[in-house]
Amino acid sequence: MKVTVLANYAPHAAKGLMQGSDRQAAVKALFESVGGKMTGLMFTRGAYDVVVNGEVPDQAAGMGIALAVRASGSLSDFVILEELDMKAVLAAANKAAGAYKPAG
């Protein structure tokens, strides 16, 4: 499953970054620890400090990464986006639309 992570560093983590913390190696190890793979890391200017692209074997692995990173306190904002199989989503939506009867 492909994922994209959007995050902002907490002040103490930004200080560590400035002192030379190798975030690429750390994020790579994080993904590998759950059987995944980091495919890209970008430091950005704008709404988020960093954008990470990667692959994880399943939702549990993705949420495990999210929980571990949030628990560390190193980020002030953390969003993990999962790639969807849009054909499967549309098939389910069409089935649901046919069965759903709105109120009124």
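Modeller: Let us start with terms. Helices (H or I, at least four residues) and strands (E, at least two) are DSSP runs, numbered from the N terminus. M42 lies in such a run, strand 2 (residues 37–43).

Colleague: What should I know about the model itself?

Modeller: This is a predicted model: local features need pLDDT of at least 70, side-chain atom pairs count only at pLDDT 80 or more, and totals for chains, interfaces and linings use all residues. Residues are numbered from 1 along each chain as its sequence is written, and side-chain values use heavy atoms, with hydrogens and water left out.

Colleague: How many helices and strands does the protein have, and in which pattern?

Modeller: There are four helices and four strands. Along the sequence they run β-α-α-β-β-α-β-α.

Colleague: Why is the protein called more spread out than a compact globule?

Modeller: Take the radius of gyration over C-alpha atoms; the globule rule is 2.2 Å times the number of residues to the power 0.38. For 104 residues the rule gives 13 Å, but the protein has 17 Å, well over that, so it is more spread out than a compact globule. Its C-alpha atoms fill a box of roughly 60 × 30 × 25 Å along the principal axes.

Colleague: What makes N8 a buried residue?

Modeller: Buried means under 20% relative accessible area, exposed over 50%, and partly exposed in between (1.4 Å probe, protein chains only). N8 has 12%, so N8 is buried. N8 sits in strand 1 (residues 2–9). Across the protein, buried residues make up 26% of the 104 residues.

Colleague: Which residues does N8 touch?

Modeller: Contact means heavy atoms within 4.5 Å. Leaving out residues up to four places away in sequence, N8 touches A47, Y48, D49, S74, L75, S76 and D77.

Colleague: How do you know that L81 is partly exposed?

Modeller: The relative accessible area of L81 is 41%, so L81 falls in between the two limits. L81 belongs to strand 4 (residues 75–82). Beyond residues up to four places away, L81 touches K2, V3, T4 and L6. From L81 to N53, 28 residues apart along the chain, the C-alpha separation is 9.6 Å.

Colleague: Why is M42 called partly exposed?

Modeller: M42 has 47%, so M42 is partly exposed. Not counting residues up to four places away, M42 touches D49, V50 and V51. The C-alpha atoms of M42 and A93 are separated by 34 Å, with their places 51 residues apart along the chain.

Colleague: Buried, exposed or partly exposed: what is P57?

Modeller: P57 has 48% relative accessibility, so P57 counts as partly exposed. P57 is in the loop between strand 3 (50–55) and helix 3. Outside its neighbours up to four places away, P57 touches V34, G35 and G36. P57 and G36 are 21 residues apart in sequence and 6.1 Å apart in space, C-alpha to C-alpha.

Colleague: What makes G73 partly exposed?

Modeller: The value for G73 is 32% relative accessibility, so G73 counts as partly exposed. G73 lies in the loop between helix 3 (59–72) and strand 4. Leaving aside neighbours within four places, G73 is in contact with A10 and H12.

Colleague: What is found at the start of helix 2?

Modeller: A polar contact is a pair of N or O atoms within 3.5 Å; within protein, one must be able to donate a hydrogen and the other to accept it, and residues adjacent in sequence count only if both atoms are side-chain atoms. At the start of helix 2 (residues 23–33), a side-chain oxygen of D22 reaches to within 3.3 Å of the backbone nitrogen of Q24. Just after helix 2, G35 takes a positive phi of about 85°.

Colleague: How much of the accessible surface belongs to carbon and sulfur atoms?

Modeller: Areas come from the Shrake-Rupley method with a 1.4 Å probe; for residues, only the protein chains shown count as cover. The surface comes to about 7000 Å², and 59% of that belongs to carbon and sulfur.
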